Amino acid sequence: MDNPLLTLEGLPPFSRIRPEHVEPAVDAILAENRRRIAELLDSDPRPSWAGLVEPIEEWEDRLGRAWSPVQHLNSVMNTDELRAAYNACLPKLSDYATEMGQNERLHAAYKAVAGSDEPLDEAQRKVLDNALRDFHLSGVDLPPAEKDRFKAISQELSQLTSRFEENVLDATNAWSKLITDEAALAGLPPSALGLARQTAEQRGQAGWLLTLDFPSYYPVMTYADDRVLRREVYEAYQTRASDRGPHAGTYDNSAVMERILALRHEQARLLGFPSYADRSLARKMARSPDEVLAFLHDLARRSRPQAQREMDELRAFARDRCGADDLQAWDVAYYSEKLRQDRYAFSQEEVKPYFPDTRVIAGLFGVAERLFGVTIRELEGVDVWRPDVRFYEIHGPDGGLRGSFYLDLYARPKKRGGAWMDDCMGRMRSSYREQTPVAYLTCNFAPPVGGKPSLLTHDEVETLFHEFGHGLHHMLTRVDYAPVAGINGVAWDAVELPSQFLENWCWERDALDLVSGHYETGEPIPRDLYDRMRAAKNFQSAMQMVRQLELALFDFRVHKEYDPAAGGRVYGVLDEVRREVAVVPYPDFNRMPHGFSHIFAGGYAAGYYSYKWAEVLSADAFSLFEERGVFDAETGRSFLRNILEMGGSRDAMQLFVAFRGREPRIDALLRHSGILEAA
Ligand SMILES: [Zn+2]
């Protein structure tokens, strides 16, 4: 094959990708694409679907297949060399994308296909509509000087967002704390102690090493009896990449955030939108900023009184039962865990032995098989980036191959935190060829320690279901046109529908019988433990709700209210939002926005509300299974046909109505969250 980032078979050659290959390989593809597109536009006076859209999709796909593994490795196997190569390509890719989006001849050609009398199906029409919309959003109709400015902004933004993420990663890696006296870690469960010891050993140190990776951070905040230690770790985590805390100023995102907000605003104004929030909604289901704000304020109004009661209960419990006055942010998780234990005798630690990762994964596949009639099996011998990464194929009800995915479960240094699904390649079928989708599923679970399998908390099981829901959406699509196949072209605020939908099954007894099995005895989660877990499900659910609303309102307002004269007002807006919705105390050194990668580095800018928006859809979709049975095959197949297979080929509201029989209602979400209506 002529390009070191691509193979003949299709899957990326992970083990053979070297940082020095990246830039020349990307350069070559970009140059080829530019040449081919110019030739195409010169040679075809009467563009058609097969003559224009198909070949362009083919070339775009080739670029996507080459870049995807580089981007992925940069996230999960970060090195200085790869990071440099990755960053060297960003402005080139950004330029290319802007150039395509602003190419007037290409725009005219797409318009000609859309306006021709060529018989096109509904999905093809959607591809063309989206393309014309995106041309506009790329500034194709701007005068030349503004076009140049638009392009320069896009390029600077792609570098800034990458920089933001690097600062967070570097700040996370920069901090660790070696503990040499086990007594200092009193309260931590054995699994967390084991991880801390293993982390120390791996770095050639004796004792227990705490880091800011989530599997290390979370147990300290939840279980460590030493309040001073909790405060220290909380401060290190919550000040990452900022002007405060142990590495104050070293990886500081302050100026990066400010610049990102200014440039997004400027770019939105160039396109004629009042703010970046308005611009963001051009590709979403929500129709106006007012609709989004009304939605969030409504949820806040319904849930804040209950959140306040939950917080008051926590304070009273900490004071009366533990003698702890003056509850601070680093005490909330700790005493919440004690209260949960007291009330439900349930802890995440207690369920972990029932959730060894291999069992959970087999059970997850079993759930997908029962709901959607798919079968999933592991394929050995595929080229991967780490020996513990696995590869699976997923077959449809008819037995045909639908898609495949990589599964990378464990936290390690130089791997971005969190869990996510990403697109390795998408489905397409054209006169050239047929391609099945491939996904990356990435988690950061604690790795197996001391010969024991990796044991998951129920929260982590839920995370896995969530990401797998995204994966099914990407992989089970039957749409032939890449721009609207799978998750492509789906309105961003509807993207979380399949993922949050699938989470529901890890709360169902019948599903848990498939998912759980004690790592020593194989016994599924016992009845009484399940009952306690279920009873504890909505523990502090209103507090969690207002926490999400805080993030969503902050994100939306900071983008909507940006004013060049006043600057970003990041902390001004945050303070106002917290006064409206928050019930937990925040210390003045809290620097949450500095690490808020979703909106400053990811795709959730003025879109974090999408989680709650889509949760209305997912809860309401699940309520149909509550009516008909959680494994009702017909309802499962209907979800497969109407949502998962359709991708972005139709409007999200139409798809929802086709499945549910009516427009979404908010009551299922409130009921599932145990939030009682405010009087
Ligand atoms: Zn998600």
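**Entry 1: helix α8**

How many of the ten residues of helix α8 (residues 214-223) are buried? I went through the helix and found that eight of the ten are buried, so α8 is largely enclosed by the rest of the structure. A reminder to myself: this is a predicted model.

I wrote down the buried residues of α8: P215, S216, Y217, P219, V220, M221, T222 and Y223. Then I looked up what they pack against. Among their partners are the helices α7 (190-202), α9 (227-238), α13 (329-344) and α14 (348-351). Two strands, β2 (208-211) and β9, are also partners of these buried residues.

**Entry 2: the sheet**

Strand β9 made me curious about the sheet. In what order do the five strands of the open sheet lie? I read the order as β3-β4-β5-β9-β6, with mixed pairing. The edge strands are β3 (375-378) and β6 (420-425), and each of them pairs on one side only. From one strand to the next, the twist averages 25°.

A textbook point helped me here: strands of a sheet pair through backbone hydrogen bonds, either parallel or antiparallel. I then checked both neighbours of β5.

- On one side, strand β4 (residues 390-395) pairs with β5 in the antiparallel sense, over six bridges. Here I found H395 standing opposite L401 in β5.
- On the other side, strand β5 (residues 401-410) runs parallel to strand β9 (residues 438-445), and six bridges join them. I noted two bridge partners in β9: T442 for D408, and F445 for Y410.

β4 and β5 form a hairpin, with five residues between them. In the turn I spotted G399, which has a positive phi of about 90°.

Is β5 mostly covered or mostly open? I found it mostly covered, as nine of its ten residues are buried. I also saw helix α2 (residues 49-76) lying across β5, β6 and β9. This helix runs at about 150° to β6.

**Entry 3: the zinc ion**

Which residues coordinate the zinc ion? I found H466 and H470, each through NE2, and E496, which is listed twice through OE. The distances run from 2.1 to 2.7 Å. Along the sequence, the donor residues are spaced H-x3-H-x25-E.

I also looked up where two of these residues sit. H470 is in helix α16 (residues 458-475) and E496 is in helix α17 (residues 496-503), so the pair ties together parts that are 26 residues apart in sequence. Both H470 and E496 are buried.

Why is the arrangement around the zinc ion called irregular? The four donor atoms subtend angles of 52 to 140°, and this spread makes the arrangement irregular. For comparison, I noted that the ideal angle for four tetrahedral donors is 109.5 degrees.

**Entry 4: cysteines**

How many disulfides does a search of the whole structure find? The search finds zero. I followed up with C89, which is in no disulfide; the nearest cysteine sulfur is that of C424, 17 Å away. For C424, the closest cysteine sulfur is in C443, and at 17 Å that is too far for a bond, because a disulfide needs the two sulfur atoms within 2.5 Å. Both places are covered: C89 is buried with a relative accessible area of 0%, and C424 is buried at 3%.

**Entry 5: two loop residues**

Next I visited the loops on either side of helix α4. Q102 has its place in the loop between α3 (80-101) and α4. At 10% relative accessibility, Q102 counts as buried. Leaving aside neighbours within four places in sequence, I listed its contacts as S138, G139, V140, K147, F150 and K151.

P119 lies in the loop between α4 (104-115) and α5 (122-137). Is P119 buried or exposed? I found it exposed, with a relative accessible area of 77%. The C-alpha atoms of P119 and W49 are separated by 9.6 Å, though these residues are 70 residues apart along the chain.

**Entry 6: F554**

My last stop was F554, in helix α20 (residues 541-560). With 0% relative accessibility, F554 counts as buried. What does F554 touch, not counting residues up to four places away in sequence? I listed V570, V573, L574, V577, M592, P593, F596 and I599. I also checked F554 against D243: they are 311 residues apart in sequence, and their C-alpha atoms are 20 Å apart.

How values were computed
Residues numbered from 1 in each chain as written. Predicted model: local features only at pLDDT ≥ 70, side-chain atom pairs only at ≥ 80, totals over all residues. Heavy atoms only, no water. Buried < 20%, exposed > 50% of the residue type's maximum accessible area, 1.4 Å probe, protein only. Donors = N, O, S within 2.8 Å, 3.2 Å for Na, K, Ca; no water. Tetrahedral: all angles 85-135°; square planar, octahedral: opposite > 155°, others 65-115°. Helix = DSSP H or I, 4+ residues; strand = E, 2+ residues; numbered from the N terminus. Pairing = 2+ DSSP bridges. Axes fitted to C-alpha atoms, helices over the stretch in contact; angles between N-to-C directions. Contact = heavy atoms within 4.5 Å.
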